[in-house]
Amino acid sequence: MTGLIAFREIVLKVHSRCDLACDHCYVYEHADQSWRARPKVISPEVISQTASRLAEHARDHALPSVTVILHGGEPLLAGTARLRLVCEEFSRALTGIATLDLRIHTNGLQLSTRYLDLFAEFGVRVGISLDGDRAANDRHRRFADGRTSHPLVLAAVALLRSAPYRHLYQGLLCTVDVANDPVAVLDALVELEPPRVDFLLPHATWETPPVRPDDAPDAYARWLLRIFDHWERLGRPVPVRLFESVLSTLRGGPSLTESLGLAPTDLVVVETDGTLEQVDSLKSAFEGAAATGFNVFDHVFDRVAAHPGVRARQLGLAGVSDSCRRCPVVRSCGGGLYTHRYRDRNGFDNPSVYCTDLRELVDGVEGRTASRETAPQLSDPAELARSQEELTRILLARLNADLAGDPDWAHAWELVAAVERAGQAGADALDAVLDHPFTRTWVLAALDAAREGLPGGAEAARRLTALAAAAVLRGGLDLPAEVAYRDGEVYLPTLGLLRLGEPGTEGRASLHVTDDGYVARDGRSEHRFGPAAGDARWQPVRTWSPGPDAAPVALEDLDPYRNCFPRPPRLRLGSGETEEWRGRLDRAWALLHKAVPGFARAAATGLTTLTPLAGGPRAGGWGEAGRHGPGALGVPYAAGVRETALALLTGRRRTRLRALTEVTDLYALDGEWQHRSPWRSRPVPVSRLLADVHERVAVEAYRRATAGPEPGGSDRIHEALDRLSAAAELTVTGKRLVAELRYELKAVDA
């Protein structure tokens with residue numbers, strides 16, 4: 001069967017009865033009472049057959065690991081002999097196929113050293129149900145005669161926390177009751193030092209709604225947010241999966257719990273008689289809600305994976321109700337637990353019965369943490385630059401790992417390391433050449449070649465050698481800098497192009513620093529080059545200054561890796577062409593500062609390199625970003641002053657957004673999310689819509705200042721911003737960026 005999502009987690013019911021009488025238990029107190037007809041304890045035959053089915057499933061789907069959770073009822077009632085058989089059978093069946101993660105969830109009343117010794121032998125991790133302090137726990141978790149279970153549970157946790165068994169302690173599970181004191185509940189749980197705490201909403205549906213004091217629709221959210229605030233005040237002393245899941249999805253990451261988020265279900269339940277069922281909580285909906293009609297003796301797990309009820313919980317965004325799909329927090333809440341959506345008249349095609357609570361919980365966590373969770377690169381250009389520098393170094397280190405066996409590369413890498421060790425001058429010079437935008441282009445191209453198994457070590461080594469040599473010259477270092485040239489020339493990043501032979505020739509030369517520049521020696525001759533040498537064989541990188549207080553910008557028309565833009569670059573400009581282009585750039589920059597001074601200042605930040613592109617301006621005259629590091633921009637050489645100004649403005653907006661997306665998460669990319677765009681005929685992903693708005697805010701400002709506003713231009717941007725504000729896949733950083741765009745547009749409209 002194709003398109004199936006494999007089961008990576010099995011809940012194995014080893015005993016169907018319990019020694020407590022918890023009044024909120026979904027197994028015994030809710031709609032489905034099928035437990036009454038099932039064997040009390042799982043048989044050896046069911047154990048063996050389930051282990052074989054799981055091994056077969058793991059092998060067929062090449063699963064690296066599988067999790068088996070021993071459950072009930074109360075699983076410890078099965079006894080040590082039956083639990084040992086479970087551990088042995090599953091360990092044997094999975095050996096050589098997949099790593100086995102064994103867990104047990106218990107109320108703890110029967111826990112003793114004989115169980116824990118068994119669990120230590122097989123690495124079974126133990127989770128315990130506890131609803132908080134004694135008052136909270138006694139509200140529901142009592143014996144049938146009304147006696148408290150709290151002291152026995154604390155004794156079990158104390159034993160689990162003791163030295164021989166501490167490594168088996170998985171965590172505590174707490175069912176929420178808004179009648180309990182949330183601060184006291186958290187304090188009681190934290191005192192037991194659990195590796196993790198899970199808070200679960202009590203199982204309920206639209207037919208059997210949860211208890212709500214004073215009919216408050218947000219009672220559970222307010223209770224959980226009080227827990228969250230106290231958790232924050234305590235410094236997050238233990239992981240709380242519910243909160244960490246919300247924080248993860250707000251950052252664009254995955255959900256960490258089945259009860260929230262849009263991740264597909266990968267869990268199947270095996271009852272004591274071998275019956276295969278869907279997730280256990282469905283027993284709260286109606287009699288038979290979890291049934292599949294399959295069992296481990298007659299059916300493989302793939303039959304369950306293809307069951308319509310299972311597939312319905314694997315559809316992501318398409319699997320939630322229409323109102324949920326339009327909700328901006330759907331990535332975080334996922335429409336809530338599937339069970340909690342049930343209503344008699346239309347099944348599960350509803351928001352969660354906890355919908356208001358979930359919306360307020362997500363919004364409340366976001367509101368409390370947004371300032372801390374927002375990536376600093378968004379508002380701090382220096383932090384963005386540092387992150388980009390680090391990214392280039394990470395990619396270069398990865399390339400080194402791929403090419404470490406190449407002797408030419410190893411020699412070049414050692415020269416780079418020697419430059420870095422040569423004090424502050426060496427480190428600064430190396431930073432300058434590594435931060436050259438087209439260094440990133442070269443690294444990415446070399447990584448592509450290495451990944452595809454293409455021969456590229458020699459070419460990569462040539463560029464790395466030239467990069468190291470450029471750093472030696474920039475830093476004035478007394479280090480050997482030997483370069484390999486091809487076709488008679490070598491490009492030294494950030495410095496220029498040196499011709500060392502006739503076209504078609506190859507060779508090597510050593511470069512050295514002199515009092516008045518640099519010298520290249522190839523064993524037969526010597527070439528002096530550099531700023532003061534006047535050697536016609538040397539073509540330096542030219543520069544342009546965007547203002548008296550601005551750093552010079554390289555006019556890069558030499559680097560062979562500048563061919564990374566959507567259109568081809570111009571060849572080396574003549575001296576007259578360079579002066580003409582500088583003049584257009586001066587006038588374009590002056591126009592920007594007059595028309596949109598705030599946008600112009602932002603465009604100047606981080607601009608290091610301009611590359612002249614062939615041809616005139618495209619429609620709109622926008623500048624072009626390519627596959628390069630930050631600071632670079634491609635500008636059509638033949639564009640007029642107004643088009644050049646617009647190219648500088650929009651191109652810098654485009655490169656800034658690209659730089660942000662490379663080092664921060666502005667949106668999640670885990671679904672087929674599409675949005676209507678005011679400028680395009682078809683729906684687009686949020687990345688395209690955000691890019692359009694990011695550029696068009698600046699364009700609208702420029703047009704209003706130079707030629708008058710585009711009819712309806714501002715209205716379309718407002719429409720797109722509204723759609724972005726409702727986009728569930730935006731992270732907190734992405735939402736902050738949208739808020740900044742609204743502020744910019746407000747200033748434009750004023």
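## A buried tryptophan pair

In this predicted model, W409 has a relative accessibility of 0% and therefore counts as buried, the limit being under 20%. W442 is likewise buried, with a relative accessible area of 0%.

The ring centres of W409 and W442 lie 6.3 Å apart, and because their planes stand at 35°, the pair is classed as tilted. This contact joins distant parts of the chain, since W409 belongs to helix α15 (residues 407-421) and W442 to helix α17 (residues 437-451), with the two positions 33 residues apart in the numbering.

## Aromatic pairs and a ring cluster

In total, the structure contains 18 aromatic pairs. One of them is formed by F199 and W223, whose arrangement is edge-to-face, with 6.2 Å from centre to centre and 75° between the planes. Here too the pair links distant parts of the chain, with F199 in strand β6 (residues 197-200) and W223 in helix α7 (residues 219-233), 24 residues apart.

F199 counts as buried at 4% relative accessibility, and W223 is also buried, its relative accessible area being 4%. Ring pairs connect F199 and W223 with F228, W231 and F243, so that these residues make up a cluster.

## Arginines over a tyrosine ring

Y637 is the ring partner of two arginine contacts, one from R570 and one from R584. The charged end of R570 is placed over the ring of Y637, at 4.6 Å from its centre, while R584 lies over the face of Y637, 4.8 Å from the ring centre.

How values were computed. Residues are numbered from 1 along each chain as its sequence is written. This is a predicted model: local features need pLDDT of at least 70, side-chain atom pairs count only at pLDDT 80 or more; totals for chains, interfaces and linings use all residues. Side-chain values use heavy atoms; hydrogens and water are left out. Rings of Phe, Tyr and Trp (its six-membered ring) pair if their centres lie within 6.5 Å; planes under 30 degrees apart count as stacked, over 60 as edge-to-face and the rest as tilted. Helices (H or I, at least four residues) and strands (E, at least two) are DSSP runs, numbered from the N terminus. Buried means under 20% relative accessible area, exposed over 50%, partly exposed in between (1.4 Å probe, protein chains only). A charge sits over a ring if NZ of Lys or CZ of Arg is within 6 Å of the ring centre and within 35 degrees of the ring normal.
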